[in-house]
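Colleague: I am new to this structure and would like a close look at a single part, the place where one helix packs against another and also takes part in the contact between chains. Could you walk me through that part slowly, with the terms explained as you go?

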Amino acid sequence: MTNYISAKGLSKSYGDFLALDDVNVTINKGQIVGLIGANGAGKTTMINAILGLSSFDGELSVMGFDPYTQRNELMKEVCFISDVATLPKWIKVSEVIQFVEGVHPKFSREKALNLLAETTIPMNKKVGKLSKGMVVQLHLALIMAIDAKILVLDEPTLGLDIMYRKRFYEQLLEDYFDEEKTIIITTHQVDEIENILTDVIFIRDGRIMYDASMEETMGVWKILDPTPAKVDEARALSPYREMKSLGRISFIFKDKDHKTLSVYGDVRRLSLSDLFVTLMTGEKS
Amino acid sequence: MLNSLTKINGYNPIKALFLKEFWEHRRAILVTPMVVTGLVMFFSIVAMINGTGMTIDGASMAEHLAEAEDFPLESSDIITMLIIVPSMILFLVVSFSMIFTALSVLYDERKDKSILFWKSMPVSDAQEVLIKLATITIVTPLIAIAFALIVQIFSTLMLGIFVAINSDISAWNLVFTNINVGGLLMADIIPLFVNILWAMPIIAWFMLVSSFSRRSPFLLAFIAPALVAVFEVVFFRSTLFLQLIGSRFTHVDKYGYRFEDGDGVNLVEGSLGYLESLAEPSFWAGIVVAAAMIYGCIQIRKRNSLS
């Protein structure tokens with residue numbers, strides 16, 4: 001099975017509010033997908049549906065399971081770390097390791113202990129006595145010791161300092177990811193994950209606004225910093241959007257090759273955050 | 001032994017879930033009865049040193065002992081009853097532990113968001129809720145019974161020493177070889193679990209409140225029924241609802257009398273009498289109501305994970 005997640009006409013409403021509106025998405029094995037959107041765009045709603053934490057309308061299949069009715073089966077193949085600290089404060093580090101070993105058939109205690117050996121987390125302390133960074137490290141060590149197919153990370157680095165954040169993603173790539181697995185990440189810190197993504201999905205008002213591979217994205221979208229003399233010529237090529245920062249003008253182009261553009265100035269790849277702003281503000285100049 | 005019991009090696013979800021509940025509610029399940037046991041022992045020693053002795057049913061220990069000697073046929077049960085009495089406080093304490101655990105068991109995990117962690121594991125909501133219920137209604141009372149046994153063994157020793165010091169009666173004959181061990185165990189186990197079964201709708205109600213309450217399940221669990229009762233009294237001039245709650249406890253009077261059957265104490269008859277109460281239709285009505293509320297807990301936990 002290469003198709004891990006498929007949603008057709010996935011919707012979810014809370015009263016009158018449509019949190020997800022006819023979402024169609026396919027996520028395959030070996031992908032690292034960035035799910036990006038503003039607060040309240042529907043990221044968490046979509047993730048909750050995938051994880052079986054809430055009911056939904058439409059079709060949704062995750063690893064061949066209906067997430068809502070088969071959550072306990074699904075969780076053998078899917079792991080997640082949500083946006084808030086969820087490890088209970090009263091549990092000891094040694095106890096939580098025993099617990100996961102007891103309830104998860106695909107957990108390797110050895111792997112968890114090896115991962116924890118690289119940290120300074122004490123085994124006999126309660127989670128409530130650990131620093132915020134340690135709690136995230138502990139949670140990540142537990143999750144990485146589970147040989148699951150899909151890993152969902154909802155704002156995993158929220159509130160962590162920059163040292164931990166960098167280490168977090170490094171470790172994820174080095175010690176966890178392989179082509180049989182799929183990782184879905186939501187975050188506000190787009191720049192942080194840009195380099196590790198294989199695919200990106202933008203979501204706004206419960207709708208998928210953009211869904212493409214990073215390779216395609218980088219091929220299609222470019223940013224041009226024209227030399228001052230050639231600004232007007234470049235503008236004549238009908239850029240998708242014009243940006244001004246610090247008095248300099250830049251143009252964002254879609255479907256123009258590097259060669260054509262480089263005549264007018266420096267051509268750079270468009271960062272995901274700029275692409276996000278470009279697509280989400282929706283203004284075409 | 002406790003160490004090997006808490007060790008999990010490999011996949012064993014039921015054991016892991018029970019241990020998780022034990023770890024979370026260690027204070028209510030283990031520490032509280034342990035402290036009470038310590039206090040009971042301490043005060044029995046103080047009472048003995050002070051020489052005031054223990055007074056039960058308005059009679060001093062010496063009087064009870066004299067009575068026991070007069071009725072040799074009954075003395076076994078009387079002596080056994082004497083050592084049960086100091087341990088009874090544990091059965092009172094365990095009911096408070098059960099109430100507090102039931103009120104927090106589905107509330108705290110939502111409050112500290114750990115429900116999202118539990119839900120990231122391959123365990124169903126039904127498994128979680130049923131194991132929480134079993135922790136409250138089986139594990140908690142069993143631990144209390146274990147502590148009651150400790151108190152009872154201690155009381156036996158104390159009573160033996162008391163008899164040896166204060167009378168000419170042989171402590172060996174009157175106390176140590178005279179205890180009705182079968183009757184003691186039945187009296188420890190049967191009434192407690194029968195009472196719990198009768199109270200199932202109340203326990204399930206506490207769990208249900210803890211599954212949906214946004215804040216302070218404790219207040220809601222008591223205020224809501226109180227309001228219903230007041231409403232009924234004011235508007236219908238009836239007390240049906242209160243009688244319904246009361247019906248969970250009437251079996252104690254109705255069936256428990258056999259503990260003092262005719263001319264003395266009878267532990268075996270008394271305990272078996274409790275079992276007969278399970279034949280009442282109102283008992284089974286309560287079980288059905290409790291089952292419906294537990295089903296509600298499972299459904300609410302399934303839907304309500306996100307605060």
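Modeller: What follows is a description of one helix and its surroundings. This is a predicted model, in which local features need pLDDT of at least 70 and side-chain atom pairs count only at pLDDT 80 or more, while totals for chains, interfaces and linings use all residues. Residues are numbered from 1 along each chain as its sequence is written, and chains are lettered from A and ligands numbered from 1 in the order in which they are written.

The helix in question is α2 of chain B, residues 13–24, where helices are DSSP runs of H or I with at least four residues, numbered from the N terminus. Its partner within the chain is α9(B), residues 125–166, and the two axes come within 10 Å of each other and cross at roughly 60 degrees; axes here are lines fitted to C-alpha atoms, for helices over the stretch in contact, with angles running from 0 to 180 degrees between N-to-C directions. That angle makes α2(B) oblique to α9(B), since angles under 35 degrees count as roughly parallel, over 145 as roughly antiparallel, 65 to 115 as roughly perpendicular and the rest as oblique. The crossing of the two helices, α2(B) and α9(B), is right-handed, meaning that the near helix is turned clockwise from the far one by less than a right angle.

On the α2(B) side the residues that meet α9(B) are L17(B), F18(B), E21(B) and F22(B), and across from them α9(B) offers Q127(B), E128(B), I131(B), K132(B), T135(B) and V139(B); two residues are in contact if their C-beta atoms, placed from the backbone, lie within 7 Å. Sorted by class, this contact between α2(B) and α9(B) holds five nonpolar, two polar and three charged residues, where Ala, Val, Leu, Ile, Met, Phe, Trp, Tyr, Cys and Pro count as nonpolar, Asp, Glu, Lys and Arg as charged, and the others, Gly among them, as polar.

Turning to the contact between chains, 24 residues of chain B are in contact with 26 residues of chain A. The elements giving two or more residues to the side of chain B that touches chain A are α2 and α8 (114–118) of chain B, and α2(B) gives the most, with seven residues. By class, that side of chain B has twelve nonpolar, six polar and six charged residues. Helix α2(B) therefore appears in both settings, meeting α9(B) through residues including L17(B) and F18(B) and giving seven residues to the side that touches chain A.
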